Each structure stands twice: as C-alpha cells, then as structure tokens.
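Dear colleague,

I am passing on the structure we spoke about, so that you can look through it at your own pace. Please open it first and then read the notes that follow.

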Amino acid sequence: MRGLLCWLVLLFLLQPWESQLQLAGPRCHTGPLDLVFVIDSSRSVRPFEFETMRQFLVGLLRGLNVGPNATRVGVIQYSSQVQSVFPLRAFSRREDMERAIRDLVPLAQGTMTGLAIQYAMNVAFSVAEGARPPEERVPRVAVIVTDGRPQDRVAEVAAQARARGIEIYAVGVQRADVGSLRAMASPPLDEHVFLVESFDLIQEFGLQFQSRLCGKDQCAEPGHGCQHQCVNAPGMFHCTCNPGYKLAADNKSCLAIDLCAEGTHGCEHHCVNSPGSYFCRCQVGFVLQPDQRSCRAIDYCSFGNHSCQHECVSTPGGPRCHCREGHDLQPDGRSCQVRDLCNGVDHGCEFQCVSEGLSYRCLCPEGRQLQADGKSCDRCREGHVDLVLLVDGSKSVRPQNFELVKRFVNQIVDFLDVSPEGTRVGLVQFSSRVRTEFPLGRYGTAAEVKQAVLAVEYMERGTMTGLALRHMVEHSFSEAQGARPRALNVPRVGLVFTDGRSQDDISVWAARAKEEGIVMYAVGVGKAVEAELREIASEPAELHVSYAPDFGTMTHLLQNLRGSICPEEGISAGTELRSPCECESLVEFQGRTLGALESLTLNLAQLTARLEHLENQLANQK
C-alpha cells in the first residue's frame, strides 16, 4: 500500500514539470544535432528516482526538433556495464523514442561512469551507430546524468572525448561528486555542470538545457559571413559549402574542389576539372572509351589508305610504313628494297664482305683464317714466334699509367696464337734493376699470359734500358728460359716499351740483340727519345718504331704492331723459304691477284646496280 502511494505521489509531482517542459514554448529548431543521453542506472538510484529520470527524458524529447536531418537522439544506460537503449540511427519519430524510454529497465549494479563515456565516444558517436561524419560538422552533445561518485577514472577519458569534438554536460543529483562532474564537463564549467538536490528538481536542468538548445538563430542574422550556407547549432553556427566546393581557411568562404588533383579520377591520360565535377580527355592519336576514363589508340592502318608495300604500323601521329627483315624503307616512306648488307660500314668484315640474301659472310685472303667473331682475320694463327716484352717500370711512368701499359700488353696478346707450339710470350720489367716477370716457356695459353700480366707489380725508380737489353740477350731468349732452338727457325722478337731517356748506354746491347737475330721493336710514349728508339729498333725504323704522345692514345699503335709482329705464313722445322721469282710462286701470286680482281669486279657490279636503282627512283618521283 505504501509503494502504491509513493507512485501516486511521484506521478503527481512529475506532471507539472513534464508539462512545463512540453509547454514552455514552440518546439525549437536547433539545426542538425547528434545528442546522446548517458543515464546512471546503478543500484544507488532508487526505483521512483529512476522513474523521475525517465519522465525527464520524455519531457525533454518533446521540446526537440527530432528527425534524420535535424536532431538525432540516442540513449545509453550504465552501471557496472554499459547498455545501448537505442542508437542515434534507431528512431526518427519521437513516439518511438518515448516508447523505448518507457520500456527501460535499470541495471542496478555499480557506477562505471568512465566506461560509459568511453562507450559513448567510441561506439555511440560512431558513424556506424548513426552519428553524422565529422566533415559535416554536426555538433555532438553528450548529457551525463549520475547520482554518485564514479568507481573508475573519468578525467582522462572525458578529455579524450572532448578532444574528439564531443560537448559534455554533466548533471549531478543528490550524492553526486562535484569534482567528478567538473572533470567530465566541457568548458565553461558554469554552463556545463549542473547539480540538483534531488531527482524531483532535475527539471531545472531540463529547462536550462532546452533554453540553451533553443537559443537565438545566428544564421538569421546578416553578419554570419558564410559565402554559401549557414548551419545553426546551439549557441553557435558554422558555414558549409555547396557540392563541388570546400571551406577555405577563414571557415566562411568556399573554394572550388580540384577533383583532378585528388588523384582518384581514374583518367588514363588527362583529367579536366570543372566546378564540382571533372571529365577525362585523351592524348592526340587516342579516343575515349565508353567508360569515359580509359583511352584506346586510333588504328590509322585500319582506314586502308596507308599504301605501305610491306607493313603498316599505327602510331599516335598517324600511320607509319615498316619493311620486313632484310629490307630498307625507301625515301617515299612506303616502298621497300632488299638490303645489301655489305654496302655499308657496319658489317665489320676486315677483308671482304659477301652478301647472301638476308644475311652476309666475311672472307679472308688465302693463307689467313677467319677468327671466332666471324669478321676479323687472324694473322698469327699459322705463325710461330718467341716474343719477349721489355716494359719500363720507372717512376716517371706512374702507377695509373702502368696499369694502362699492362692493358696494352694484353691487347697485343689478344691477336697472338699463344701455345707451346705457336707463339710463346715472356715479360721483363726494368727500372734501376731488371726482373723477369715470367719467361717464355711458363704459360701455354693467352688467358694464362694475360692473368700473369695483370698480376705484375710496379717497380718504380730509374730507367736502365741498356741493362734490360743485356738481360734479354743473355737470358730471356735462352732455351733454359723457354726459347725454342735456333735450328727450328722460329722468329725471335723483342719489344721494348719506354717513356723516357735511358740512364745507361744502350748502343752496345741494342746492336748485340740484332746481331743475335732478334727482331727489335721500340714503342715510345710521352718523353721517349726518338734517337734511342731508332737505335733499339731493327731496320727499317719506320716499320719497327712506334710512338704515342700519351698513355691514353697508345692503342692506335696496336694495328701497326699486329701487322709487323705476326708473320704472313708460319715457319716451322723443315720449312724452306721460297723465292718469289720461282715459277710456282708466280703462278700462286697470279691466282691470288685474279681472285682479288674478280671480287672487286663483283662489288663494282653491285654498286652500279644500286646506283641505277636510285636513279630510277629519282626519275619516278619527278
């Protein structure tokens, strides 16, 4: 009976202020607003007090302009846990909201206010739950109603919520802790913190809150300054822009959005911007596809007017004619002619080029063989030579140039047929003393010789060329060092490489070398003395002396040395040199000469035919 009496008294007390909220004036139009009520339903809230709070929510809803494009309302209750009564997206009609509030059953446990704020921040105000996106700048307001001290921390999580743009009102009833209310609420605290003595007096907050929401419509004033649209909010306003524009830094004027600059247009070639939109454009020679984004090359060849003799290739600039392999495009840009591969400078044949349809082959004169590259002729494949290189290692050469000398020596080795039965190579370095780097008989392949050359270390010091010549004559061409016996008639060749004047006498041992049958070559670089080079070299000096002004230009000497060092035909044991005046020699010479003349005649005929063809083309063009 007492309980029934209490409920009757409660209903009697509620009626005036609920009606007061509802009848306080016309329903206010606040503009878009996302409003979430966070209700304390812990065990400390007695049943009739919770009913008072329920009626307070219903009365407050009746004074709001509720709707999807106006005020969206959500309600959560909490105790030791958090429960969503209904999210922002749930209802668009006030009647549905009131029904859900009247069906609300309190949780009646602890007071975890911080947990409730975190839920509101992360869930209740999320776009998935019905909150409008941040870029729409719709105000987010949370109203927390509690009657006690929180059992968890609220200051930090409330600060995070405020930092995310949530405006918090803290309403304390009876036993509520003022310090916690101030820690939760947004500034200024005197406008966001409310403390009432009992749930019966909570309507005082309702009236003040409604008055605040229904403040002056600042967008109705002429001084808002918004270029496009003004959006009213409780106690404030903000500007928005029409579609295709964005708000400028002054938050009032609007700038056209360059949709092309955002990089999401998807245009394959060019994006052309326009206010609030864009369109795609293709490069010259392309056409826009039906998707209005990708581009397809125009097939000019498909028009059938290209007149190409062989193949037509479509390019952005139009059709281009292309000839099949082995043919050249003619000056008219359409017709094709078989390519004479030998009638050019790029075939690379050292002696003679023979065109064979779409290809060609190189020939060498009789007695010389075609090398593995298929272009050059090997002068030394049939020749046997014992070659000793005397390399100047004095300090005037300098280390970097000595490396160039070693590379030069290896280029000489490249055109030699290095083998125990063919050409044997030895290397001696000299400065103030003489050192055999490797003798004639040590290495049997060109690769071994080249590797040994690269491993030679620079000596430096003086230039004792005479001492080096003596060492060569007395030791380097001895059979103990790998030279072949004189009875085999294998030519002995000495090559002296120097860059300056000798510091000792060279005349005695230069003459002795030639007396011993050694064919001497002298290569000078830079400050080498011509008189000494000629004294070292065999006669005639023009064929046995070479000179380069610096180390970087000495590679041009290779061809001269190649033709000089390599014998035309091999000389081995038992081989006799024939007199050029013998009958067989004359017949052989005559045969070679006639062959060469026949080859020249063939080339001349080909050149004549090509000239006639070019004359005919010129005549046709006229």
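**What was found**

Arginine 534 is partly exposed, with a relative accessibility of 38%. Please keep in mind throughout that this is a predicted model. The side chain of arginine 534 meets that of glutamate 530 in a salt bridge, at 3.3 Å from N to O, and because the two residues are 4 positions apart in helix α13 (residues 530–536), about one helical turn separates them. As general background, side chains of opposite charge can pair when their charged atoms come close.

Elsewhere, Arg93, Asp96 and Arg99 are joined into one network by salt bridges that share partners. The structure holds 15 salt bridges, and two further ones are worth following on your screen.

One of them is formed by aspartate 34 and arginine 132, whose closest N and O atoms are 2.6 Å apart. This pair links distant parts of the chain, since aspartate 34 lies in strand β1 (residues 33–40) and arginine 132 in the loop between α4 and β4 (140–146), 98 residues apart. Aspartate 34 is buried, with a relative accessible area of 0%, and arginine 132 is buried too, at 6%.

The other joins lysine 450 and aspartate 414, at 2.8 Å from N to O. It also links distant parts of the chain, with lysine 450 in helix α10 (residues 446–454) and aspartate 414 in helix α9 (residues 399–414), 36 residues apart. Here lysine 450 is partly exposed at 26% relative accessibility, and aspartate 414 is partly exposed at 47%.

As for the chain overall, it has 16 helices and 28 strands, and buried residues make up 43% of its 622 residues.

Which residues of helix α4 (residues 113–124) are buried? They are Thr113, Gly114, Ala116, Ile117, Ala120, Met121 and Ala124, and because they cover an arc of only 165° around the axis, they lie on the same side of α4.

A search of the whole structure finds 5 aromatic pairs. One of these is the edge-to-face pair of phenylalanine 438 and tyrosine 443, with 5.2 Å from centre to centre and 70° between the planes; phenylalanine 438 is buried at 2% relative accessibility, whereas tyrosine 443 is partly exposed at 25%.

Finally, on the surface, Leu604, Leu607, Leu611 and Leu614 make a nonpolar patch of about 350 Å². Of these, leucine 611 is placed in helix α16 (residues 583–621) and is partly exposed, with a relative accessible area of 46%.

With best wishes

Methods
Residues are numbered from 1 along each chain as its sequence is written. This is a predicted model: local features need pLDDT of at least 70, side-chain atom pairs count only at pLDDT 80 or more; totals for chains, interfaces and linings use all residues. Side-chain values use heavy atoms; hydrogens and water are left out. Buried means under 20% relative accessible area, exposed over 50%, partly exposed in between (1.4 Å probe, protein chains only). The arc is that of the directions from the helix axis to the C-beta atoms. Patches are made of residues with over 30% relative accessible area and no salt bridge: like charges are joined within 9 Å, nonpolar side chains (Val, Leu, Ile, Met, Phe, Trp, Tyr) within 5 Å. Accessible areas come from the Shrake-Rupley method with a 1.4 Å probe; for residues, only the protein chains shown count as cover. A salt bridge is a side-chain nitrogen of Lys or Arg within 4 Å of a carboxyl oxygen of Asp or Glu. Rings of Phe, Tyr and Trp (its six-membered ring) pair if their centres lie within 6.5 Å; planes under 30 degrees apart count as stacked, over 60 as edge-to-face and the rest as tilted.
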